Every structure is written in structure tokens, then in C-alpha cells.
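Me: I would like a close look at a single part of this model. Please treat the matter in one connected account.

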Amino acid sequence: MLPPGRLLSVWEEDLGQSGVGELRHSLKHSAITRVPSVFFGGGTPSLARPQMVEKVLQCLQQEGHLVEGAEVTMEVNPTSMETQALRDFKEAGINRVSIGIQSLDGAALRLLRRDHCVKEAKTCVEAARQLFPNRVSTDLMFGLPGACVDKCVS
Ligand SMILES: C[S@@+](CC[C@H](N)C(=O)[O-])C[C@H]1O[C@@H](n2cnc3c(N)ncnc32)[C@H](O)[C@@H]1O
């Protein structure tokens, strides 16, 4: 029997292979002639391995549809684990990130049951700005219970 860590990587490999296979099939049978931008988003793609990004981009290149200099964005949650992986994702081909900050109020983050704290959010934005200058956006939530305009502005 495989140990749990090994089980996860086997599952990831199968999932990755079928995802890339489906992408290749769809591109071959589509009328798409160029791909000027790629967005890894929905869910939390930054929990995947950078090799997954590499494989998807390789597939897009092999099918001849990926434009040189294409914008390649990934949604990132600002946990310290995901911040540490930013450099590897850049090497894999990501050149823009969208960070799910949500709020810089610790109480709001706890209310939302987010996995990160304010300090991690700030560290992630700093690291991202170094790695992807002028190519960082953040998600912020407004209208949360207890929020007011002054708090949001500060
Ligand atoms: C597609 S979601 C990305 C998923 C992201 N990894 C996460 O954990 O929320 C993009 C953005 O949607 C917003 N969002 C997520 N859950 C929400 C909810 N229940 N209501 C409103 N906005 C939400 C957040 O700002 C999030 O960054």
C-alpha cells in the first residue's frame, strides 16, 4: 500500500494528465488560433504544484496557440506556504498574480475563516511586487458585517 503522501502525488499526476489531455483535445477541435492570455483561477490553483502550470503552458505552446509574451495570471491565497511557492510559479511561467487579500482587518479575516492573517497578506503582496512588478492585483471584500468606510479606508 502506498503511503499517504505518495497517494496524493499519484492522484495529482493522474488529474494533471487528464486535465492536460482534455485541454489538448479541446484546442485541437476548436477554432482557437491564438491565446493572448491565460488565467489559472477559480478554486485555489496556488495549492497545485508549479509543474502543473508548466504542463498546461507546454500544451498551449505545442498546439501553437500561445502568443509570445502572453499574460499568464494565477489566483493566489496569501498563506505563507503559497507565498514561498511564488518564485517557483514564476519559473513555471506565471507572470501576473491576483491575491485574495479580502481584508486587512484581522477580525474580518477570522469572520471569513480565511487561512491567512494580516501579516501574511502584507508579506505576500511585498513578495509578489518584487517578483511581478506592476503585475499584481488584489481581491478585497467590502460590506462585511461590522465594516465601515473609515475602517476600509484606513
Ligand atoms: C474565485 S475566488 C478565488 C478563490 C480563492 N482561492 C478563495 O479562497 O476565495 C475569487 C475571489 O472571490 C471572492 N470570494 C470568495 N468567496 C466569496 C464569497 N463567499 N462571497 C463573495 N466573494 C467571495 C474572494 O475575494 C476571492 O478572492
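Which residues surround the ligand? Please also describe β3 and how β3 pairs with β2 and β4.

Reply: The model is a predicted one. In it, the ligand is surrounded by G41, G42, T44, E75, N77, G100, Q102, D139 and M141. Sorted by class, this shell comprises six polar residues, two charged residues and one nonpolar residue.

Two of the surrounding residues, G100 and Q102, fall within β3, which runs over 96-102. Five of the seven residues of β3 are buried, so the strand is largely enclosed by the rest of the structure. β3 pairs with β2 in the parallel sense over four bridges, and M74 is the residue opposite V97 of β3. A further parallel pairing, also over four bridges, joins β3 to β4, residues 136-140; here V97 has V136 as its bridge partner. V97 therefore has a partner in β4, V136, and stands opposite M74 as well.

Both M74 and V97 belong to the largest nonpolar core, a set of 21 residues, and are listed with V53, F89, I94, I99 and A128 as having the most contacts inside it. At least two residues of this core come from each of β1 (35-40), α2 (50-62), β2 (66-76), α4 (86-92), β3 (96-102) and α6 (118-131). For M74, the contacts beyond its neighbours within four places in sequence are F40, P45, S46, F89, I94 and V97.

How values were computed
Residues are numbered from 1 along each chain as its sequence is written. This is a predicted model: local features need pLDDT of at least 70, side-chain atom pairs count only at pLDDT 80 or more; totals for chains, interfaces and linings use all residues. A residue is near a molecule or strand if its C-beta atom, placed from the backbone, lies within 6 Å of it. Ala, Val, Leu, Ile, Met, Phe, Trp, Tyr, Cys and Pro count as nonpolar, Asp, Glu, Lys and Arg as charged, and the others, Gly among them, as polar. A nonpolar core is a set of buried Ala, Val, Leu, Ile, Met, Phe, Trp, Tyr and Cys residues joined through C-beta atoms within 7 Å. A residue is buried if 20 or more other C-beta atoms lie within 10 Å of its own, exposed if 12 or fewer, and partly exposed in between; C-beta atoms are placed from the backbone. Two residues are in contact if their C-beta atoms, placed from the backbone, lie within 7 Å. Two strands pair if DSSP finds at least two bridges between them.
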